[in-house]
Structure formats: structure tokens, C-alpha cells
Amino acid sequence: MSTQTITAAAAGTWRLGDLPVHRVGFGAMRLTGSAAFHHGTPSDRDRSIAVLRKAIDLGVDHIDTAAFYFSSLRSANELINSALAPYPDDLVIVTKVGPHRAYDGTWGTSARPEDLRGHVEENLRQLGRDHLDVVNLRRMPSWESITEHFGALAELREAGLIRHLGVSNVTARHLAEAQAIAPVVCVQNRYALDRPDPESDEVLRRCGDQGIAFVPFYAVAGEAGERGAVTAHDEDVLAVARAHGASPAQIRIAWTLHQGPHVLAIPGTGDPGHLAENVAAGAIRLTGEELHLLGAPRRTVG
């Protein structure tokens, strides 16, 4: 499909609290190098900055990032700051806290509740902001409850350091825990066309019922996860892609957006051409028959 005149507006809009955003945003994780985090080859800085500026030109007004997105030479937050500050008034930057990486790139002990202020302040410093638009608490596998951690972030919200709160990698029970403490504007869970997950299906449904944004990560990567976009595509994905003159990645993004008007997409890339394709996927309208075909792997789970 042609991507020449398609902007993020084609996907429609939703709200993160009181902040309207186009439903196709941008994930900053892959700006830093050939693979996520400190593995692989660091990115070309000028090219990464060009990708960010092109995203804004294409109408992207929602960027997902984190202080722990960095390679041996590149920091996603520093790139965002350098490329886009002073920030457009309508740009919403969403970051996340919970995981921790040392300066040498190794993963450290995940944050304790009392550590979260330091994590928030590090994002503020790197981004050059006096407050963060949205902060997601990324639940770590060892956390049975998120009450204490989310409560610490709620205190930072009351102090004016954070405007809105979200949660990531959670079950419906964790979402309810958070909502008992403070409003939740988004849930960021792993979710992909060919990765059945009944628990996240339930969270997606609850978010839709309550008007909360559901923001899948690894929607294009699928099982490949942080290694990058999946290269092995189901024949049904390939068939639908051919019918639309689109790439399989575009069909995965389009399918994601079709899961509900409250579902946002944050595909990431360090390639300007891929960026334009990702944004253009927001204009693809799948038929009911195509959605049924693509949804087969999720219906057969269990």
C-alpha cells in the first residue's frame, strides 16, 4: 500500500486520561541499536533522531520510552530530548518504571517502592521535563501484589511529578489493585495476533468496558519479542497482506487496532521507511472475514 500521504490520524484517536492521542504511536526501544537494550550494534545517532522527527511529521503524538532503554552508546530518552525538545504541545510521552539496569547495562534488582522516586526523577532528567505525562508501573514476575509500588507512584502523582498512571504486565487482579489506589489510564501488556493469552484477553475486555487504553507491546514481534519483528508469518497473515498490498507487519498492526477502539499500537523501529509503513497500517480496514481468519490461533488455545 502507498504510504506517501497517510498519517497517524488515519487510525483515529483515544485518550490517556485527559490527553488525546492518535491510536498509532511509536515505541522508542529499538532506537538505540540493532537489538533491544545493550546487545547488538548501537544505532546511528543522526538516523535515530531523523526517525523521531519523521514520526512527528507523520502525526505521531504518543511516544513510549523508558530510562532503561539504552545500548552501549545510545539512550532512548536522550535521543527523544535531543530530537524533539522543545516538545510539541500535543506530544504525550509515556515512560515506565520497575525494571532496573546498572550503568554497564546489566539488569539489577527490580525497584522497591522507595526506589521509584529515583526512577521517575531519572526519566525527568533525561527527557528534560518537569513532570511526566504518563508513567506505567511495569510489574516484575516476583511481585505477587503491586499495591505498595503503585501506591508509591500515586504519591508522586499527588506531588505533581506525574500526570497520569498506568500499569504493565498485569493480570485483572493487579489492575483492580491499582484502581483501588488511583485512576489507571492505560494497561500495557504483551499481546500479539499469534500469541494466545486468555489472561490478557480478559484484561483487554475489562479495559474496553472501563474506557482504559490497552497498549500491546511486541504486537509485531510476536514470539520473537525483544529480538525484533517476527520473520515467520502464518499463511493467513500473508494472504491478508497480499489482498491489501501490505506487509505482514502492517497486517499485524491493523489486527491489533481492530481489537477495540481503546486499543493503541506502539510499533518501534530505527528505520524511516518502516516507520512510514507502521503509521500507514492505521489506515487498513480489515473485513469481518479477514478478522475471523486471523483470529483462528486465539480461538484454538487450550
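**Second largest pocket and cysteine residues**

The second largest pocket encloses about 340 Å³ of space in this predicted model. Its lining is made up of 16 residues, and those closest to the pocket centre are Ala67, His100, Arg101, Glu122 and Gln126. Two elements, β5 (92-97) and α3 (116-127), each give two or more residues to this lining. The most is given by α3, which supplies five residues. By residue class, the lining of the second largest pocket divides into seven nonpolar, six polar and three charged residues.

Cysteine pairing was examined next. The structure holds zero disulfides. Cys186 takes part in no disulfide, and the cysteine sulfur nearest to that of Cys186 belongs to Cys207, 8.8 Å away. Likewise, Cys207 is in no disulfide, its nearest cysteine sulfur being that of Cys186 at 8.8 Å. A disulfide requires two cysteine sulfur atoms within 2.5 Å, and the separation of 8.8 Å between Cys186 and Cys207 therefore does not qualify as one.

Both cysteines were also assessed for solvent accessibility. Residues under 20% relative accessible area count as buried. Cys186 has a relative accessibility of 2% and therefore counts as buried. Cys207, with a relative accessibility of 0%, is likewise classed as buried.

Note on methods
Residues are numbered from 1 along each chain as its sequence is written. This is a predicted model: local features need pLDDT of at least 70, side-chain atom pairs count only at pLDDT 80 or more; totals for chains, interfaces and linings use all residues. Side-chain values use heavy atoms; hydrogens and water are left out. On a 1 Å grid over the protein atoms alone, a cavity is a set of points where a 1.4 Å probe fits but cannot get out, and a pocket is an open set with protein on both sides within 12 Å along at least five of seven lines; lining residues have an atom within 4 Å of a point. Grid points are joined across faces, edges and corners, and a volume is the space filled by probe spheres set on the points. Helices (H or I, at least four residues) and strands (E, at least two) are DSSP runs, numbered from the N terminus. Ala, Val, Leu, Ile, Met, Phe, Trp, Tyr, Cys and Pro count as nonpolar, Asp, Glu, Lys and Arg as charged, and the others, Gly among them, as polar. Buried means under 20% relative accessible area, exposed over 50%, partly exposed in between (1.4 Å probe, protein chains only).
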